[in-house]
Amino acid sequence: MTHKQVRTRFAPSPTGPLHMGGVRTALYNYLFAKKNGGDFLLRIEDTDQTRYVEGAEQYIINALNWCGITIDEGVSVGGPFAPYRQSERKELGIYRDYAEQLIRSGNAYYAFDTAEELESMRKRLAEEGNPAPTYNFAVRHSMSNSISLGSEETKSRLNAGTPYVVRLKVEPGQTILLNDMIRGEVSFNSDIVDDKVLLKSDGMPTYHLAHIVDDVLMEITHAIRGEEWLPSAPAHAMIYKFLGWEDRMPRYAHLPLLLKPEGNGKLSKRDGDRLGFPVFPLEWTDPSTGEVSSGYREKGYYPEAFVNMLALLGWNPGTEQELFSMEELVNAFTMEHVHKSGARFDPEKTRWFNEQYLRKKPTNEIAERISKLVASAFELADTDHRLNSSYLEKAVELLRDRVQFEQDMPIVGSYLFKAPTSYEEAVVAKKWKPALLPFFNDLNNRLSHCSPFLREPIDAIIKECASANGIKTGEIMQLLRVLVSGQGGGVDLIGMLELLGNEEVCRRLHNGLKAMPQ
RNA sequence: GGCCCGUUCGUCUAGGGGUCUAGGACAUCUCCCUUUCACGGAGGAAACACGGGUUCGAUUCCCGUACGGGCUACCA
């Protein structure tokens with residue numbers, strides 16, 4: 001018995017930037033495919049021309065790229081089943097062929113109803129107390145379609161060029177069973193399935209027809225999508241059956257949704273930055289309004305951290321491991337461990353993930369990346385010694401456990417690159433006494449002669465100087481810090497002095513002492 | 001409203017008839033380390049929605065209720 005090669009697809013609609021829920025769907029598709037030695041495809045479902053957004057498709061590709069989700073086949077890379085863009089496939093007449101096949105077999109029909117007629121039908125039904133006014137078996141006979149009109153009238157309308165749609169003909173009274181990979185068996189009564197539009201009046205297929213045709217033609221084996229599709233799944237099962245494709249139907253998996261951190265509802269694109277965190281992987285500028293939505297990348301998140309966080313939102317490895325590389329995710333991923341219920345997104349934990357990855361990053365890489373940031377933030381010349389890799393690397397070592405993002409380093413450790421211009425008042429008020437001036441002058445003098453200017457000798461000098469002046473180190477350590485850095489807290493004090501070097505330390509000490517109240 | 005799906009600490013989750021005195025992580029609190037702030041370490045508080053079954057025994061299985069979510073378009 002030969003197993004079919006596993007093939008999954010991510011099939012977004014280019015109606016704007018991909019939000020993190022979409023990224024997670026792509027990720028799970030990717031992980032599942034890779035775990036099973038299969039392929040991951042990208043198909044663009046651009047069948048709604050009215051919602052097409054310029055740049056959205058490229059954004060999707062860029063986002064997947066940034067996340068390290070590699071596309072084996074599809075838009076941007078091509079493949080044997082091209083084209084992978086539904087608008088282009090429509091030009092080939094692919095969908096119309098199948099819609100017509102369904103009409104011939106009596107499982108679909110032409111409908112000529114106008115938008116106004118549909119609206120008044122729903123209104124009428126609602127007034128009659130119908131809990132779910134839909135176009136279905138109960139109303140199709142009173143609407144304008146090939147069933148109510150008969151073949152003659154239908155033909156003449158078609159010939160006259162009357163706009164029409166093709167609708168699925170759903171027979172009532174049937175039970176449709178679905179075997180979902182995550183939810184197990186789910187059952188529906190066909191009475192509640194409406195006569196869905198399959199082909200729109202502009203000739204484009206709807207999602208319902210298009211995804212099925214393409215999944216079969218592209219030999220997709222597993223359709224992993226969001227839970228919002230579950231209610232239309234019975235209609236999809238019927239289409240497979242009517243097209244004679246029951247044995248080619250992929251297995252479906254309906255993923256739980258990502259919920260807002262607080263309040264109600266699923267996380268949506270509209271949430272944007274309103275909630276204080278990005279919902280998009282990459283920054284996005286709306287082409288029509290110019291409105292900018294922030295992205296995880298621009299906020300300084302590592303893609304590994306973002307992906308790791310997303311993977312664990314709705315899935316777990318069954319072990320207590322939390323940090324996963326993409327490769328480890330692939331190995332550990334199973335659909336059995338995907339949760340059924342929605343997962344509330346937690347921005348705080350996302351930051352924690354980033355922190356974990358920051359800890360593991362090689363120092364020289366970080367130093368290289370923050371170099372430009374430092375240069376511009378402190379207006380340093382290219383030749384400035386503080387931009388030397390050895391200086392930057394030491395700064396990174398001092399700062400790395402204190403920040404969650406690389407770009408916070410120059411902010412949190414500004415005093416490593418710039419002499420203070422003010423001195424934390426609370427500390428000065430509490431600890432400074434003019435009587436300490438002789439001690440600090442002595443210390444400054446001793447430090448100026450300290451060579452090599454390294455941790456041990458610096459430490460020794462401070463202690464010697466304190467005892468020579470009859471002062472306890474506890475009285476002066478924090479003052480020393482404030483005098484040199486301006487702040488009452490910060491990186492390891494001796495490490496900071498060592499990095500700054502004795503010239504700089506002595507200069508800062510000198511200026512600091514002048515600024516102290518007499 | 002109707003249909004479908006779901007419900008373990010505040011959050012993400014482990015566990016799925018007895019091993020549960022319900023485990024981990026984030027957040028939170030306390031202490032230690034650190035003459036600072038973090039990091040780190042130790043510890044604490046914190047959950048099986050409720051009601052009925054089934055069973056010798058239910059957090060685990062079934063039913064109902066409540067609550068949450070999704071869908072209810074010529075959008076995906």
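Let's start with what the protein touches on RNA strand B. Of the strand's atoms within 4 Å of the protein, 74% belong to sugar or phosphate, and the rest to bases. Keep in mind that this is a predicted model.

Who sits around the strand? There are 61 residues surrounding RNA strand B. The closest are Pro131, Arg183, Asn316, Arg402 and Thr473. By type, the surface near the strand divides into 19 nonpolar, 19 polar and 23 charged residues.

Now some single contacts. Lys200 puts a polar side-chain atom 2.7 Å from a phosphate oxygen of RNA strand B. Arg167 does likewise, with a polar side-chain atom 3.2 Å from a phosphate oxygen. Leu312 uses its backbone: an N or O atom there lies 3.1 Å from a sugar or linking oxygen of the strand.

Which elements give two or more residues to this surface? They are helix 5 (115–127), strand 5 (165–168), strand 7 (184–189), strand 14 (343–344), helix 11 (347–360) and helix 18. Helix 18 gives the most, with 5 residues.

Helix 18 also leads us to another part of the protein. Helix 18 (473–485) is among the elements covering the buried residues of helix 20, and so are helix 16 (437–448) and helix 19 (493–500).

So, helix 20 itself. Helix 20 runs from residue 502 to 515, which makes 14 residues. From first C-alpha to last, helix 20 reaches 20 Å, close to the 20 Å expected at 1.5 Å a residue. Which of its residues are buried? Glu504, Val505, Cys506, Arg508, Leu509, Gly512 and Leu513. An α-helix has 3.6 residues a turn, so residues three or four places apart point the same way. Look for that pattern in the list.

Notes: Residues are numbered from 1 along each chain as its sequence is written. Chains are lettered from A and ligands numbered from 1 in the order in which they are written. This is a predicted model: local features need pLDDT of at least 70, side-chain atom pairs count only at pLDDT 80 or more; totals for chains, interfaces and linings use all residues. Side-chain values use heavy atoms; hydrogens and water are left out. Helices (H or I, at least four residues) and strands (E, at least two) are DSSP runs, numbered from the N terminus. The expected span of a helix is 1.5 Å times one less than its number of residues. Buried means under 20% relative accessible area, exposed over 50%, partly exposed in between (1.4 Å probe, protein chains only). Contact means heavy atoms within 4.5 Å. A residue is near a molecule or strand if one of its heavy atoms lies within 4 Å of it. A polar contact is a pair of N or O atoms within 3.5 Å; within protein, one must be able to donate a hydrogen and the other to accept it, and residues adjacent in sequence count only if both atoms are side-chain atoms. Ala, Val, Leu, Ile, Met, Phe, Trp, Tyr, Cys and Pro count as nonpolar, Asp, Glu, Lys and Arg as charged, and the others, Gly among them, as polar.
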